[in-house]
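Hi,

Here is the structure I promised to pass on to you. Have a look at it first, and then read on for my notes.

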Amino acid sequence: MQFKKVTLIILLIAGLFINKASAQVLTQEDSLSAGLIHKQQATVISGYGEAKYGIDTKRKSAEASLKRVVLFLGHKFNNKISLFTELEVEDALVANGGNSSGLGEISMEQAFLKFNLNPNTYLVAGLFVPRIGFINENHLPTTFNGVDRPFLEEQIIPSTWREVGVGLYGQFTQIPGLNYSLSVTNGLNSEGFNSANGIGGGRQLGQAANGLNLGVNAALLYYVGDFRIQASGYIGGSTAKEQRVADSLQLNSGVFGNPVSLGEVNMQYSASGITVRAIGTVVNIKNADAINRAFANNTPQTMYGGYAEVGYDLLYPASKGEKAFIIFGRYEYLNLNAKIPSNGIENKANEKHYIVGGFTYKPIRGIAIKGDYVRRMTGDFNQALIVTPFPQQVPYFKNNGFINLGVAYNF
């Protein structure tokens, strides 16, 4: 019933407007991708980062974190071939040189070659980010409202989801503004699934991905008037094991063994200082019962969610795009246990409502200063899921508030 409500909200918003959204060139990476670097044998440097200070109002605690710093290095070999790489450091410290390690991690966010086949079509090969949702492909922290990425695009649509494979991108010349993409990558690893974070833990992220399973992603992206409209889908196998191991676990080991399917539609309207975003998505894990039997990780069979956001730039039109002060509000609904298999354990805490409100101030292009308040409302946490409780268990609050401040940059 809740999913029908989310879908209805999205359709109503989509019907309110019919007018022009266009892709922006914000970084040197964008310039290289768009073919705006005219010099042959050119190397470009770009990057982005963000830091956050957050307060949990119920637990009376706070945390400061350098969430991520990303360095982009690209190279144009000639007009046909370019290289794109991004190295990411999360949470500031991986190791301090002693015997202790930090909480952070270092990873390649992308590393692929781009081959321009003609002015309207190109091919990518390597580690890349498929076109799914708003944030996965366009995740610069200066381009979205809120100190954190939208919860739906972290908990249901994994962010930032990248795998090794090949992808074809292009435009339909007969229909101006209509773009397509089709990619084939390695699949997921269902051993990392769970009821709290969905399929996010199953991403293999280019780290010696195992198994013969593959994933296929396809998307249509349409710019018309003041609208950006997208629909995308994914289907892929999740048995990242060789056949003898899969057989011992009683898991299908084919290319699409124990399939995971994901579908999403999203829309953005932007004009006269007003921006409206809406998205709806559903994930289905067909053989969740077999995955639970093999790994005891409480994998759900179905998850879904959606959100709608409205923002207004108070400095429009006086700033002419050089500055912005955006106030926004967003409502999100997520159900990560919409359907559970017979051997799964229901947890009402995984049915979540988020109300987010705040501001984004951009004093110059490439800099964002953010603040927001998040109200999270859930069902009861299932105590049966606590296998070895702490002597002093941290309380779970069904209704909690969070105050967040952040800074972000890109260049």
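P317 sits in the loop that runs between strand 12 (302–313) and strand 13 (324–339). The peptide bond leading into P317 from Y316 is cis, with omega near 0°. Before going further, please keep in mind that this is a predicted model, and that the angles here are values computed from it.

There is another cis peptide bond to look at, the one that joins S159 and T160, with omega at about -10°. T160 belongs to the loop between helix 3 (152–155) and strand 6. As background, most peptide bonds are trans, and most residues other than glycine have a negative phi.

That brings me to the backbone angles with a positive phi. K60 has phi near 55°, although the residue is not a glycine. Its place is the loop between strand 1 (42–56) and strand 2 (61–76). Is K60 buried or exposed? The relative accessibility of K60 is 72%, and since the cut-off for exposed is over 50%, K60 counts as exposed.

A92 is a further residue other than glycine with a positive phi, here near 70°. A92 is found in the loop between strand 3 and strand 4 (105–118). Strand 3 itself covers residues 81–90, and E90 is part of it. Which residues does E90 touch, once its neighbours within four places in sequence are left aside? They are L66, K67, R68, G104 and E105. If you want a longer distance to check your setup against, E90 and N145 are 55 residues apart in sequence, and their C-alpha atoms are 20 Å apart in space.

Now to the overall picture. The chain has 5 helices and 16 strands. Its radius of gyration is 22 Å, close to the 22 Å that the globule rule gives for 411 residues, so the chain is as compact as a globular protein of that length. Along the principal axes, the C-alpha atoms fill a box of roughly 60 × 55 × 50 Å. Of the 411 residues, 46% count as buried. The chain exposes about 19,600 Å², and 60% of that area is supplied by carbon and sulfur atoms. If you plan to look at electrostatics, the chain carries 35 positive and 30 negative charges, and the mean positions of the two sets are 3 Å apart.

Next, the strand pairing, beginning with strand 7 (residues 178–186). Why can strand 7 be called largely enclosed by the rest of the structure? The reason is that 7 of its 9 residues are buried. Strand 7 has antiparallel pairings with two strands in my notes:

- Strand 6 (residues 163–171) pairs with strand 7 over 7 bridges, in the antiparallel sense. G170 stands opposite Y180 in strand 7.
- Strand 8 (residues 214–224) pairs with strand 7 over 9 bridges, again in the antiparallel sense. Here V184 has V216 in strand 8 as its bridge partner.

The hairpin of strand 6 and strand 7 has 6 residues between the strands, and within this hairpin G177 takes a positive phi near 90°.

A similar walk can be made around strand 11 (274–285). Strand 10 (residues 260–271) and strand 11 are antiparallel partners over 12 bridges, with E264 paired to T281 in strand 11. These two strands form a hairpin with 2 residues between them, and S272 in the turn has a positive phi of about 55°. Strand 11 also pairs with strand 12 in the antiparallel sense, over 11 bridges, and A278 stands opposite A308 in strand 12. When you look at these strands, it may help to recall that in a regular strand the side chains alternate between the two faces of the sheet.

Strand 11 has a further role in my notes, since it is part of what covers the buried residues of helix 5. Which residues of helix 5 (residues 288–295) are those? They are A288, A290, I291, N292 and F295. Just after helix 5 comes A296, which takes a positive phi of about 50°.

Happy browsing, and best wishes!

Notes. Residues numbered from 1 in each chain as written. Predicted model: local features only at pLDDT ≥ 70, side-chain atom pairs only at ≥ 80, totals over all residues. Heavy atoms only, no water. Helix = DSSP H or I, 4+ residues; strand = E, 2+ residues; numbered from the N terminus. Contact = heavy atoms within 4.5 Å. Buried < 20%, exposed > 50% of the residue type's maximum accessible area, 1.4 Å probe, protein only. Rg over C-alpha atoms; globule rule 2.2 N^0.38 Å. Areas by Shrake-Rupley, 256 points an atom, 1.4 Å probe, with all protein chains shown as cover. Lys, Arg positive; Asp, Glu negative; His and termini not counted. Charge placed at Lys NZ, Arg CZ, Asp CG, Glu CD. Pairing = 2+ DSSP bridges.
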